[in-house]
Amino acid sequence: MLPFLKIMLRNLILGPSTDPFPFAPAKTHKNFRGCAVFDPEKCILCGICRHVCAAGAIQLRVSEDGSGMQYMLWHNSCVFCGMCAHYCPTGALTMSDNWHLVHTGAEMFSNCISSFIPFGECAQCGAKIQPRTQAIIDKIGERSPERFLLCPKCKRESIVRNVAKVNHLPAEENP
Amino acid sequence: MLQFLSKLAPRSPWIYRINAGSCNGCDVEMATTALIPRYDVERLGCKYCGSPRHADVVLISGPLTLRVRDKVLRVYNEIPHPKVTVAVGVCPVSGGCFRDGYSVGADIDHYIPLDVIVPGCPPRPQAIMEGVLKAVEVWRARLEEGICSHS
């Protein structure tokens, strides 16, 4: 009997179903994928984010003086798939729940992440290598902390020296 | 009289949608914004209209494929001045995932001036509403200045 009474009562209790968005903050789910956030302190310039980016939003360019790389992520090309954050080995890229990205046409090309990341230096010879940030040292550099900070050439020499020491071979004076 | 009307007009912008070869993701979100009581863009005085000649705010989605390019430009030129263009999604700006496709030429930006951009793939309905609100601000400024965007 009178089934609409039940619906009316429920609507009275629950209130309007309209999201009061422009006048009050909208609800955002905690897993919502919004724009990417970049932490240059953790980036090791491995380039996996650029490799997996479906929309081609990420660019890595060597700076003009060769002292580092310019990292660019254009939000107007990003499709929020989150692959970069998934594959980033150090957690430098993460997806925030920020979706307030509306901007005017004049800001089209300035709506991006742009940061300069300097190259690291080999602890022995000073050659330019990928930056050895604390995030990657904690992850894979613990087995041989000294060797991890070397460039590939110095690393090879260090390994050979170590093998020679273990096998009691005579170390050469002039390698 | 015209002054008075241009003060009143921004209270009810009429919205027109153009699908420039979109994948329909953004179109579904735009329909959601208009039709579902949860978002209800009509609260803000907006109304989706069927004819480009009645429109004030244009929502464009899609990367402007070669097949629809001339048709989109023809429809766009029928919209009276001053019009405000809102790019919904990343496709109109950069092409998004379709950027190098065989059927996609230059971005919409080369043909139509974009006034407001709502990035997302697709943007959520609240973001589209935010974009419409921003477009209304731009439109109000244009009405007050009496300037036209070039077509």
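**Exercise 1.** Describe the order of helices and strands in chain B.

*Solution.* Read along its sequence, chain B gives α-β-α-β-β-α-β-α-β-α. Next, count each kind: there are five helices and five strands. Here helices (H or I, at least four residues) and strands (E, at least two) are DSSP runs, numbered from the N terminus.

A word on the model before we go on: it is predicted, so local features need pLDDT of at least 70 and side-chain atom pairs count only at pLDDT 80 or more, while totals for chains, interfaces and linings use all residues. Residues are numbered from 1 along each chain as its sequence is written, and chains are lettered from A and ligands numbered from 1 in the order in which they are written.

**Exercise 2.** Does the radius of gyration of chain B agree or disagree with that of a compact globule?

*Solution.* Start with the rule: 2.2 Å times the number of residues to the power 0.38, with the radius taken over C-alpha atoms. For 151 residues a compact globule would come near 15 Å, and chain B has 15 Å, so the two agree. Then look at the box filled by the C-alpha atoms of chain B, roughly 50 × 35 × 20 Å along the principal axes.

**Exercise 3.** Find how chain A meets chain B.

*Solution.* First, the contacts (C-beta atoms, placed from the backbone, within 7 Å): 24 residues of chain A touch 28 residues of chain B. Now the strands: β5 of chain A (residues 103-104) and β5 of chain B (residues 116-118) run antiparallel, joined by two bridges. Strands pair if DSSP finds at least two bridges between them. Finally, T104(A) has V116(B) as its bridge partner in β5(B).

Terms used: Two residues are in contact if their C-beta atoms, placed from the backbone, lie within 7 Å.
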